[in-house]
Each structure stands twice: as C-alpha cells, then as structure tokens.
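Here are a few short exercises to work through with the coordinates open. Try each task yourself before reading its solution.

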Amino acid sequence: MSEDLRKKIKELEAELKVVRLASMQWEEIQRTYQKSNDRLQQVYSELNQVNEKLTMAFEASQLAYWDWDFKSGKLECGENMAHLLGFGKEAFPVTFSAFLELIHPDDVREARENLEKHINGITPFFESEYRLKTARGDWKWVFDKGKIVERDIIGKPLRLLGVVMDVERKKTHENRLLAEFEKADGANKAKSSFLANMAHEIYTPLSGVVGMAEILKQSELSPEQKEYLEIIVDSATNLLSVFNTIMDFLKIEADQIELTNSAFSVYELMEDLVSSLIPEAAGKELEVLSFVDPNIPMLVKGDAIRLKQVLRVFADNGVKFTENGEISISANFLSWDEDTVNLQFKVTDTGIGISVEALKKIFTSFTRIGPSTGKYGGSGLGLAIARYLIIKMKGEVHVESQTGKGSSFVFNVLLEKVPGSEPPFCEPGIKGLKVMVIDSHPSRSGIIIDYLGRMDCDTVIFSNLTEGLQELAHRHKIRRPVDLLIVELEAAMMAMGSFKPGQAWEELNKILLYYPGTGIPKKVSEMGFHTVMKRPFLPAEFSSAILNTITHKTPVTAVKAAFRPPAGHEARQLRILLAEDNLINQKVAQVTLSKLGHQIDIAENGNIAVAMYKKNKYDLILMDIFMPEMDGLEATREIRHIEQSGPMEKAIHICAITANADKDDEEKCYQSGVDSYISKPFKLEELIEILDSIK
Ligand code: ADP
C-alpha cells in the first residue's frame, strides 16, 4: 500500500470517529429533549388541573378577580364579574379608572384611601367595602381584597391582583341589625333617663324622711319615741342602701359605671371604713380588727368611693354572717412600678362560712345561699357588684371559706401612683425598742406584732399579765429591762384581782389598748398606764403614741385614736342661700339650719339663686343640682363667672347637693366650680362639717 493511500485511510478513520461522536451526541440531545418535553407536558397538565380547580373555586365562591397593570393602566376582570354585575364580558371595565367609575360616589373616597394605604406599604392588603353599579343601574355591596403581586427592582408596584365578593345579603342583615340596635339603644337611653328621674323621685322623699328624723332626734323624746325614731332612720337608711345597690346593678348591666381618678389616702379610707363598721359590729359584740401596711404610700390615685364600696360589701357581709368572734380588714402593699401601685385587701370573718358548692356561684348576681338567707336578708347583688368593680380596677378577687369557721375575701386592685408620695414617715426614735405585748388573742396581737416588727422593734409576747410580770421582774433583776409594755384591756382585767406591781412595773412606759364600747374598770385605770389607746388604729397613730409614751409627752394622737367624736357645732352665724326646688327639702334644710342658729334664704331655681346672690351677701350657697329653668351646675358656673369679672373678693363657698344616686357626678360638680359636695339624704354631721369649714 502506498504511503498516500495509508494516509487517506487514516484521515477517513478520523473523520468516521468524529461522525460517530456527533451521532452519539445527537442521540443524547434527542433523549434530553424528549425528557424535557415530557416534563413540560406534565407541568402543563398540572397547570391545567390547578387552573381548573381555580376556575371551579371562583365558580363556587362567586368571587370575581381583577388584575391591574400599573404601567398600562389596563384592568383585566375574571368572568364572574359578569355574574356579579350583570354585564356581558365585552362591557367589562378595561381600565382601572373605568372600574373606579362603577363605584358609588359616596364610597369611592374610602376605597381610594384604602388602596393608597396598601400601595404606600401602610397595610399588608388592600381591603374595602363599597357599592358597585350593576348593569341594571342599581347598587350592589361588595367586599374587595387585593395585594401587590409584582414590583420593579426599586420596589415600585407593577401589578395588583384582587378579588371581589358579593356581600349584599350580609350588608342588608347588618343594616337591619344596626337599625334594631339604634332602636334598642334609644329605648335603653329612655330607660336610663327614666331611672335617673326615678332616682331623683325616690331620693327626694327619702331625704325628707331622714332629714326630719334627724331634726326630731334633737328634740325631747320619750324612750319609746326614740325607739320608733331609730326604726324610721334605720328603715330609710336600709331602703336607701337597697336602692343604691339596684341602681348600681342596673348601671353595671348597661356597663355605665365610670371610675373616677383622684388622689386619696388608703389610711383615711380604712379609718373611715372601720369606724363606720364598729357600731354595727359592737351591737353583735363582734370585734373589728384592722391592719394597714405602713409600706403603702400616703397617697394613691383611683376611685376611693368605689373601693370603699367594695370593702363595705365584704365587711357588711362579714358582720351580717358572723355571730361570734371578729371581722378583720387589712390593706397590704404588694408591689409598685413606675406608674402603678398594687394593693391587696383582705376581709376575714369568723362567721357561718360558705359551703364548697355555694362558693362556686357566690359571685353570680342574685345569689343568696343556704337556708339561713331568710334570716339574714339581702339582695344577692353585693358580691356581683363588688367583683365587677374589682375587675374594673384591674384586680382579681377570690374567697376561701369553711362552713362553721368563717370566710376570707381577698382581692387586689391596681391604683395609680401619685408622684412623690412615699409611705408614711416612721418615727426614728422607735427603732430598736424592746417591747413586751400582753394579749390573749392571737389574731389581735398578731397585728400589733406586725406593726412593731415593721418599726424594727424587738418584741416579746405574753398571753397573760401574770406571766408577763414575772418576765419583767426577771429582766429587771438581770438589768435587761424592756422599754415599753403594751397591754390589752382584756389581759389587764383578767389580772386585776391578783395584780401586784413591782418596781419593774412602776418604772416601765406602759400603753393600755382597749376596744370602743368596752368600759375601762377603775382598777385598771389605776394601774398607771401612761397612754390609753383605742383599737383599731392606724400605723402612724400607733407609732406616735409609742413615741409620746416613751418620751412622756401628752399622747394626743393616741387618745384621739382612729375614731372622731361626733362633730360639735360652734361655727359663727352664717347667712346661707339654699337653691332647692323641692318643698320638703326646703323645709328640712330650713328647720335644720335655723335650729343651728343660721339665717337662711331660699331660691327655687338657678336663675333666682343667681339673682339673689347678686343682691345679697351670703357666706354659703347650698346648691341643689337638679332644678327647673337653670340647674345647679349652670348657676354655679354663672356665679363663678360673676366673681371673676367683678372686683377681687373672696369667692363664695358653694356646696352642691345632689339627689343623684350616681357618685360619679361628683366630678362634674367640681368641674362646674363647687367647693364641696354632699349627696341626699345627707346626715346632719355632714352638713355641720361643711358649715364648720366656712371661715
Ligand atoms: P346579700 O345582699 O344577699 O348579702 P351578696 O352578694 O353580698 O348578697 O352575698 C351573696 C350571698 O353570699 C349571701 O346571701 C350569703 O349567702 C353569701 N355570703 C356572702 N358573704 C358571706 C360571708 N362573709 N359569710 C357567709 N356567707 C356569705
């Protein structure tokens, strides 16, 4: 074979190799193509299925979609738009502005605003309810919800997709409900105003009864007449309390109770509460114990009247359902943060208790439990109202009880902090004192020990005086005497017969504690106590009594104790204007005030009151709030206006008198410019307190 031929064969072989390779690649390409094609077919078929489902979903739901291209302004609508609005497909709006024209003129603004909010990223979706014009020319309510589905690289929206839903039936239903609600609301408002009027109608005669009975009390009466009179006052007071409860309940039902928010002292609140409870408790020979945690700030902010009302419900029930033993009321500091103070109140009694079954429904309205309810009486609303108010004060309540042993109601409330108000100052001289307490009653002595512990005193306790005396003598001998002895009257009385004071006793600073209503026997008063102090007391009174005793100062605060004597009345003769339209009330006030030696003029409405104020010089105006022609609030505003525009003279004291059961109105009175406020039927002492405050 020639060299040439061999070369050619080699070249041919190489070419054949290339062709074989190319043919293999071609086959591979064909296979790959086939695979891709199969996959594409599968995707198409899946897509078709999804599309079918989507169409079915749109069919079933009657939702109509729209697709808005921002650049072209073109709008594409789903076929359901035809069902929705009755247009043929050819008449569908094809631009967004054409679609806007179909929206009811009253709704278009809101729809646009909602759209802008979504476009500007304020809302995650566009949502709007509006009316669309149908082919018949009437309007159909629709709900439209959409979302931007495409944006350019800088985030500018390119496409918005939405669905429209027919809500005509829902809207008709809603409108009917709204109309019914408005009707019911109107009826409810009429009911409320009827109740407010009724309250006025009931308070007025009731204040006549209480007022006249108070006047009668001042006159010479036989014991029998006195007894009858007490019954009249008690019945009227009970009637008033039942009426107040029902009014509160009605307001709770209508969620109309608004809490006020002013600064008050929990210490004073507890003092008032306890002192008002003692007469009733003493009548049943029950003891009232009270404890106020000295860590509570002097002032807190909240609705003191409502808080007291809650405490009264528990305390009154305690007295009502207890035959022997005690009612103990405590206020404890739980915590505080920057704005709030969390306080816990506890009212415990040693009464009949509540069964486990009854405990489950105790806070339900109209619940009165057990066979004994007839004996005790009541509306069954007190606890339900208390619970409602506690929840309003952002607190919780729970109860523990054992039949035959007693009950304990515990609740907390969140009050506002008053800037700068700290817990009361504790007398520094007391810290580290060695104190011996002699009291046979554990829960009673527990409170004293608690107070002393908080004052950093070193306390020992004995349950009887004889043992205490032995310990005192021993300590005297080893020259480690105590600094102060606190003896409870009961323990002193028990030791009276065998009492032999030693030198240790003579040298000691001693405080005797007693409960109001219990007389102090002569023998006890001769035992040489430096201070005699009434229980229960507030922590500040206790600490100043201790300080006064150990420094031998006159223990003024201690003797005054927690309970104020009935107010005496030594005010100068005043000229008083009474603005009051009711004849009975006029009469009651006239007799009461003239008996107290004051001169009184009467105006039967606000107009006359303002005219008389301009003409005469008064020391005090007693201003009824509800009066014809011009009411008390307006008259007060008018008088304050005259004062401000006239020469600077002392502003007259205006005391608002209201028959309204709603204590929240107090705030309104103060806003109008009154200086004080009493509600009808007011007690003589309340009026005297106002008169005494006029300088
Ligand atoms: P009422 O006006 O009947 O006292 P409340 O709502 O205050 O209404 O109380 C409901 C019922 O709960 C009472 O009738 C009584 O059966 C029971 N109850 C409430 N407090 C006490 C208590 N401290 N001891 C025993 N039972 C109580």
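**Exercise 1. Find out how confident the predictor is in this model, and where its confidence is low.**

Solution. Start with the whole chain: this is a predicted model, and its average pLDDT is 84. Next, take the share of residues that score at least 70, which comes to 92%. Then look along the chain for weak stretches: residues 554–569 have a pLDDT below 50. Finally, count the contacts of that stretch beyond near neighbours in sequence; the model has 38.

**Exercise 2. Describe strand β17 by its partner and its two faces.**

Solution. Begin with the pairing: β17 runs parallel to strand β16 (residues 509–514), and 4 bridges join them. Across this pair, Leu 512 stands opposite Val 532 of β17. Now sort the residues of β17, which spans 531–534: Thr 531 and Met 533 lie on the covered face, while Val 532 and Lys 534 lie on the uncovered one. Why this pattern? Side chains in a regular strand alternate between the two faces of the sheet.

**Exercise 3. Work out the length of helix α19 and which side of it is buried.**

Solution. First compare spans: the 13 residues of α19 (583–595) reach 18 Å from first to last C-alpha, close to the 18 Å expected at 1.5 Å a residue. Second, list the buried residues: Asn 585, Gln 586, Val 588, Ala 589, Thr 592 and Leu 593. Because these cover an arc of only 165° around the axis, they sit on the same side of α19. Third, check the face turned away from that buried side, where Leu 583 and Lys 595 are exposed. To finish, look past the helix: α19 is followed by Gly 597, with a positive phi near 90°.

Methods
Residues numbered from 1 in each chain as written. Predicted model: local features only at pLDDT ≥ 70, side-chain atom pairs only at ≥ 80, totals over all residues. Heavy atoms only, no water. pLDDT = per-residue confidence, 0-100. Contact = heavy atoms within 4.5 Å. Buried < 20%, exposed > 50% of the residue type's maximum accessible area, 1.4 Å probe, protein only. Pairing = 2+ DSSP bridges. Expected span 1.5 Å × (residues − 1). Arc of directions from axis to C-beta.
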